[in-house]
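I opened this model to look up its pockets and one of its helices, and I kept the notes below as I went.

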Amino acid sequence: VCSMGNSTSRLYSVLAKTLSSGAVSQHQDCLEQLDPARLDPIDPKDLLEECQIVLQKRPPRFQRNFVNLKKNTASNHRPIRVMQWNILAQALGEGKDNFVQCPMEALKWEERKCLILEEILAYKPDILCLQEVDHYFDTFEPLLSRLGYQCTFFPKPWSPCLDVERNNGPDGCALFFLKDRFELISSANIRLTAMKLKTNQVAIAQTLKCHETGRLFCIAVTHLKARTGWERFRSAQGCDLLQNLKDITQGAKIPLIVCGDFNAEPTEEVYREFSNSSLNLNSAYKLLSPDGQSEPPYTTWKIRPSGECRHTLDYIWYSQHALNVNSALGLLTEEQIGPNRLPSFNYPSDHLSLVCDFSFNQDPDRLL
């Protein structure tokens with residue numbers, strides 16, 4: 001056993017030996033111990049308790065409530081819970097992002113990974129879409145596979161994490177779905193293009209079959225180019241992603257959910273492209289607004305040397321002709337976030353997680 005803690009708890013030893021830093025090759029003995037094919041399943045309640053033991057000196061996690069959005073449409077099937085989250089790459093949080101109001105102590109991976117896991121375990125998503133994942137092989141894949149998820153990772157070709165000393169490899173997008181709820185029909189790793197040039201941004205698109213309903217749908221996760229001044233670039237990436245998704249969904253015949261950090265406010269062209277696409281997409285979090293037409297005021301809020309950054313950049317798009325949004329997780333209030341903004345001792349990322357419950361439209365003409 002590759003021990004990294006003094007606890008006698010068998011589960012805690014598994015949690016503790018997910019690696020805190022360093023190149024994967026330096027810890028090959030530990031990784032071999034964590035081969036998910038040879039490990040027993042984990043009870044999520046047990047893992048949550050172990051995370052809470054690690055976090056007992058930190059403030060309690062924020063409480064957020066789901067908002068019921070269900071119309072008067074009866075469904076006999078369990079909803080599909082989808083979680084979207086840019087979790088903040090560890091190497092970037094410690095080395096490049098310069099969160100001037102966040103103590104370095106709050107960014108320690110040994111505890112921050114437990115905050116991330118606690119958030120995931122609290123909402124129990126059927127499908128989990130993550131960006132900025134740089135601890136996939138030593139943390140998320142070993143643990144989430146033991147929770148029953150099928151796991152896929154697609155790193156950026158030139159991850160900025162690799163420029164940080166003592167990094168844990170490249171960051172990228174990751175997609176997880178519960179194997180007892182869905183069957184994988186097809187999977188595509190997409191390197192996005194812009195102006196016919198391959199870019200550093202990626203997406204994963206998977207067609208799944210729901211065991212309970214027999215319905216097919218496509219789930220995609222992406223992370224578009226960051227920074228002001230790259231609006232046209234993001235627009236081109238969005239067009240490329242939409243074209244790929246049109247092919248995968250057979251021109252919207254297969255329902256679609258797209259999760260991502262688009263690095264774009266609703267005023268940007270790439271947002272309009274998704275809104276006006278022939279795929280008939282709507283943004284789920286608009287439904288939280290009084291008129292159902294406005295995005296939340298923020299999905300990320302941080303303080304950098306250049307000043308305070310408060311933006312709406314993260315979205316869950318869905319096929320509004322084929323899917324209904326039953327509920328959505330409310331956002332943190334400004335009071336909860338606090339004056340030092342995110343990340344913090346309370347919250348592990350500079351982006352808020354988005355969580356929605358979906359059901360299939362019962363229109364028989366839409367059955368696949």
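In this predicted model, I looked up the second largest pocket and found that it holds about 300 Å³ of space. I then listed its lining, which comes to 15 residues, with Pro44, Lys124, Leu147, Tyr149 and Leu178 lying nearest the centre. Sorted by class, that lining has eight nonpolar residues, one polar residue and six charged residues.

Lys124 led me to helix α5, since lysine 124 is the residue that follows α5, and I noted that its phi is positive, near 50°. I checked the length of α5 (residues 109-123) next: at 1.5 Å a residue its 15 residues should span 21 Å, and because the end C-alpha atoms are 21 Å apart, the model agrees with that expectation.

I also asked how many of the 15 residues of α5 are buried. The count is 12, taking buried as under 20% relative accessible area, so the helix is largely enclosed by the rest of the structure. Among these buried residues I noted Trp109, Cys114, Leu117 and Tyr123, and the list also includes the charged residues Arg112, Lys113, Glu118 and Glu119.

I turned last to the largest pocket, for which I recorded a volume of about 710 Å³. Its lining consists of 30 residues, and those closest to its centre are Lys225, Ala226, Arg227, Asn263 and Arg304. By class I found 14 charged, eight polar and eight nonpolar residues in this lining. When I traced where the lining comes from, I saw that β7 (197-210), α7 (231-248), β11 (300-304) and β12 (307-311) each supply at least two of its residues.

How values were computed. Residues numbered from 1 in each chain as written. Predicted model: local features only at pLDDT ≥ 70, side-chain atom pairs only at ≥ 80, totals over all residues. Heavy atoms only, no water. Helix = DSSP H or I, 4+ residues; strand = E, 2+ residues; numbered from the N terminus. Expected span 1.5 Å × (residues − 1). Buried < 20%, exposed > 50% of the residue type's maximum accessible area, 1.4 Å probe, protein only. 1 Å grid on protein atoms, 1.4 Å probe; cavity = no way out; pocket = protein on both sides within 12 Å on 5 of 7 lines; lining within 4 Å. Points joined across faces, edges and corners; volume = space filled by probe spheres on them.
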